[in-house]
Structures are given as structure tokens and as C-alpha cells.
Amino acid sequence: TQTGACLNSIDTGSQVCALLWSPHEKEILSSHGFSKNELCLWRYPSMTRAKELTGHTARVLHLSMCPGRGSTVVSAGADETLRFWDIFGEG
């Protein structure tokens, strides 16, 4: 039975704007605002930070995965840029 209890909580150190689960591995990609405006790849369920991806100069607002290539993610930032990343392994 699901209780609705919080299973884990991680302080990311900055505003979380978007989340995306990996279709191949137990990983979660998060996008952030101030102060680093970065993407972070987390191992699940340990929630250890595996990778930090930088390049945006303002808050990273959205994430989307390429349907044909499950390893490619596009991020959309308040800096008015789209950035394409090869992040997730393909199993």
C-alpha cells in the first residue's frame, strides 16, 4: 500500500526547475537556476551526484529527451538558448 510518505530528500543547493528520468539507467537529470544555472545527473536511489553540466547563463527552465535517441536531451534556458546534450547511456 502506498502511504504518500517522503522516501528521500536532497538539498541541491539551488532552485530545481525540471526533472527527467533516464530510460536506460537508474538516473535522474535535474535542471537548476541561481547560482550555477546547470544540469545535474544523479544516481538513483543513492542520490549521489554523477555529473554536472554547465553552459547556460541563466536559469535552465525545461528539459526534454529526443524520442529517437534516448541519450540526447535538450535544455531550454532563460538565457534564450536551446542546448543539446549527450547524457544518458543507451543501456
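These are my notebook entries on what I looked up in this structure, which is a predicted model.

**Entry 1: the whole protein**

I began with the secondary structure, and I noted that the protein has seven strands and zero helices. Read from the N terminus on, the elements run β-β-β-β-β-β-β. I then looked up the radius of gyration, which is 13 Å, close to the 12 Å that the globule rule gives for 91 residues, so the protein is as compact as a globular protein of that length. Taken along the principal axes, the box that the C-alpha atoms fill is roughly 45 × 30 × 20 Å.

Next I turned to burial and surface. Of the 91 residues, 40% count as buried, and the accessible surface comes to about 5,800 Å², with 51% of that surface belonging to carbon and sulfur atoms. I also looked up the contacts between residues at least 6 apart in sequence, and I wrote down that 31% of these join residues at least 24 apart.

**Entry 2: the sheet of four strands**

Before looking at the sheets I reminded myself of a general point: strands of a sheet pair through backbone hydrogen bonds, either parallel or antiparallel. In what order do the strands of the four-stranded sheet stand? I found an open sheet with the order S1-S2-S3-S4, and its pairing is antiparallel. At its edges I found strand S1, residues 16–21, and strand S4, residues 48–53, each of which pairs on one side only. Neighbouring strands of this sheet are turned by 25° against each other on average, with direction ignored.

I then followed one pair inside this sheet, strand S2 (residues 27–32) and strand S3 (residues 39–43), which pair in the antiparallel sense over five bridges. To have a place to point at, I picked out Leu29, whose bridge partner in S3 is Leu41.

**Entry 3: the sheet of three strands**

I found a further open sheet, made of three strands in the order S5-S6-S7, again with antiparallel pairing. Why is one side of S5 and of S7 left without a neighbour in the sheet? Strand S5 (60–65) and S7 stand at the edges, and each has a single partner strand, so one side of each has no neighbour there. For this sheet I noted that neighbouring strands are turned by 25° against each other on average, direction ignored. Between S6 and S7, which run antiparallel, I noted five bridges, and I marked Val73, which stands opposite Trp85 in S7.

**Entry 4: the backbone in the loops**

I went on to look for backbone features that I should write down one by one. In the loop between S2 and S3 lies Ser35, and a cis peptide bond joins Phe34 to this Ser35, with omega about 20°. In the loop between S3 and S4 I found Pro45, and the peptide bond that leads from Tyr44 to Pro45 is cis, with omega near 10°.

Met47 lies in the loop between S3 and S4 as well, and its phi is positive, about 60°, although Met47 is not a glycine. Glu80 also has a positive phi without being a glycine, in this case of about 65°, and its place is the loop between strand S6 (72–77) and strand S7 (82–86).

Are these two residues buried or exposed? Met47 has 17% relative accessibility and therefore counts as buried, since the cut-off for buried is under 20%. Glu80 has 76% relative accessibility and therefore counts as exposed, since exposed means over 50%.

**Entry 5: the cysteines**

Last I checked the cysteines, having in mind that a disulfide is a covalent bond between the sulfur atoms of two cysteines. How many disulfides does the model hold? With a cut-off of within 2.5 Å between the sulfur atoms, the count comes to zero. Cys6 is in no disulfide, and the cysteine sulfur nearest to it, that of Cys40, is 19 Å away. Cys40 is in no disulfide either, and in its case the nearest cysteine sulfur is that of Cys17, 11 Å away. I finished with the accessibility of these residues: Cys6 counts as exposed because its relative accessibility is 66%, whereas Cys40 counts as buried because its value is 0%.

Methods: Residues numbered from 1 in each chain as written. Predicted model: local features only at pLDDT ≥ 70, side-chain atom pairs only at ≥ 80, totals over all residues. Heavy atoms only, no water. Buried < 20%, exposed > 50% of the residue type's maximum accessible area, 1.4 Å probe, protein only. Pairing = 2+ DSSP bridges. Helix = DSSP H or I, 4+ residues; strand = E, 2+ residues; numbered from the N terminus. Axes fitted to C-alpha atoms, helices over the stretch in contact; angles between N-to-C directions. Rg over C-alpha atoms; globule rule 2.2 N^0.38 Å. Contact = heavy atoms within 4.5 Å. Areas by Shrake-Rupley, 256 points an atom, 1.4 Å probe, with all protein chains shown as cover.
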